[in-house]
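Me: I would like to go through this model with you, starting with the cysteines. Could you set out the rule before the result?

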Amino acid sequence: MPIYAYKCGSCGHAKDVLQKISDAPLTVCPACGAESFSKQLTAAGFQLKGSGWYATDFKNSGSAPAKPAATDGAAAAAPAAAAPAPAAAPASAPSGAAAS
């Protein structure tokens with residue numbers, strides 16, 4: 001059974017209620033008695049239990065390196081050849097030479 005979040009428009013009282021999907025929504029606030037108790041739009045919360053694929057297949061996913069998807073050896077070498085070579089550093093005078 002789903003849990004629905006309700007909030008009163010008059011007093012601001014909020015409550016989570018376990019209801020069947022077929023149950024009528026609550027309208028009377030349990031705190032103040034006003035008929036402004038409405039269902040809130042919330043994200044669904046659930047927990048996966050058991051020993052299914054989600055618990056076993058992705059438990060250690062960060063430890064194994066990913067394999068490359070390329071099957072052609074030339075395709076893997078192409079990006080390295082297309083990269084520009086680093087610029088050469090300017091030549092400096094030897095430390096023992098005197099400047100004239």
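Reply: A disulfide is counted here when two cysteine sulfur atoms lie within 2.5 Å of each other. In chemical terms, a disulfide is a covalent bond between the sulfur atoms of two cysteines. The model is a predicted one, in which local features need pLDDT of at least 70 and side-chain atom pairs count only at pLDDT 80 or more, whereas totals for chains, interfaces and linings use all residues. Residues are numbered from 1 along each chain as its sequence is written, and side-chain values use heavy atoms, with hydrogens and water left out.

Me: How many disulfides does the count come to by this rule?

Reply: The count is zero disulfides. Cysteine 8 takes part in none, and the nearest cysteine sulfur, 3.7 Å away, is that of cysteine 11.

Me: Why is the sulfur of cysteine 11 without a bond?

Reply: Its closest cysteine sulfur, in cysteine 8, is 3.7 Å off, and that is too far for a bond.

Me: Is cysteine 8 buried or exposed? And how does cysteine 11 count?

Reply: Buried stands for under 20% relative accessible area, exposed for over 50%, and partly exposed for values in between, with a 1.4 Å probe and protein chains only. Cysteine 8 is buried because its relative accessibility is 3%. Cysteine 11 is partly exposed, since its relative accessibility is 42%.

Me: Stepping back, what does the secondary structure come to?

Reply: The chain has two helices and three strands, arranged β-β-β-α-α from the N terminus on. These elements are DSSP runs numbered from the N terminus: helices are H or I with at least four residues, and strands are E with at least two.

Me: Which strands pair in the antiparallel sense?

Reply: Strands pair if DSSP finds at least two bridges between them. E1 (residues 3-8) and E2 (residues 14-18) are antiparallel partners over five bridges. E1 also pairs with E3 in the antiparallel sense, over three bridges.

Me: Which residues face each other, then?

Reply: Between E1 and E2, isoleucine 3 stands opposite leucine 18, and lysine 7 has alanine 14 as its bridge partner. On the E3 side, cysteine 8 has phenylalanine 37 as its bridge partner.

Me: What about the hairpin of E1 and E2?

Reply: Five residues lie between its strands, and glycine 12 there takes a positive phi near 85°.

Me: Now alanine 14: what does it touch?

Reply: Contact means heavy atoms within 4.5 Å. Leaving out residues up to four places away in sequence, alanine 14 touches Tyr6 and Lys7. Alanine 14 belongs to E2 and is exposed, as its relative accessible area is 53%. Its C-alpha is 8.8 Å from that of phenylalanine 37, and the two residues are 23 apart in sequence.

Me: And where is serine 38 found?

Reply: Serine 38 sits in strand E3 (residues 37-39). Not counting neighbours within four places in sequence, serine 38 is in contact with Ala5, Tyr6 and Lys7. Serine 38 is partly exposed, because its relative accessible area is 33%. Threonine 27 lies eleven residues from serine 38 in sequence and 6.1 Å from it in space, C-alpha to C-alpha.

Me: Where is the place of threonine 27, and what does it touch?

Reply: Threonine 27 is in the loop between E2 and E3. Apart from residues up to four places away in sequence, it touches Ala34, Glu35, Ser36 and Phe37. At 42% relative accessibility, threonine 27 counts as partly exposed.

Me: Turning to the surface, which residues make the nonpolar patch?

Reply: Met1, Ile3 and Leu18 make a nonpolar surface patch of about 360 Å². Patches are built from residues with over 30% relative accessible area and no salt bridge, joining like charges within 9 Å and nonpolar side chains (Val, Leu, Ile, Met, Phe, Trp, Tyr) within 5 Å. A salt bridge is a side-chain nitrogen of Lys or Arg within 4 Å of a carboxyl oxygen of Asp or Glu. Methionine 1 lies in the segment before E1 and is exposed, with a relative accessible area of 63%.

Me: How many of the residues of the chain count as buried, and what area does the chain expose?

Reply: Of its 100 residues, 8% count as buried. The chain exposes about 8,500 Å², with 59% supplied by carbon and sulfur atoms. Accessible areas come from the Shrake-Rupley method with a 1.4 Å probe; for residues, only the protein chains shown count as cover.
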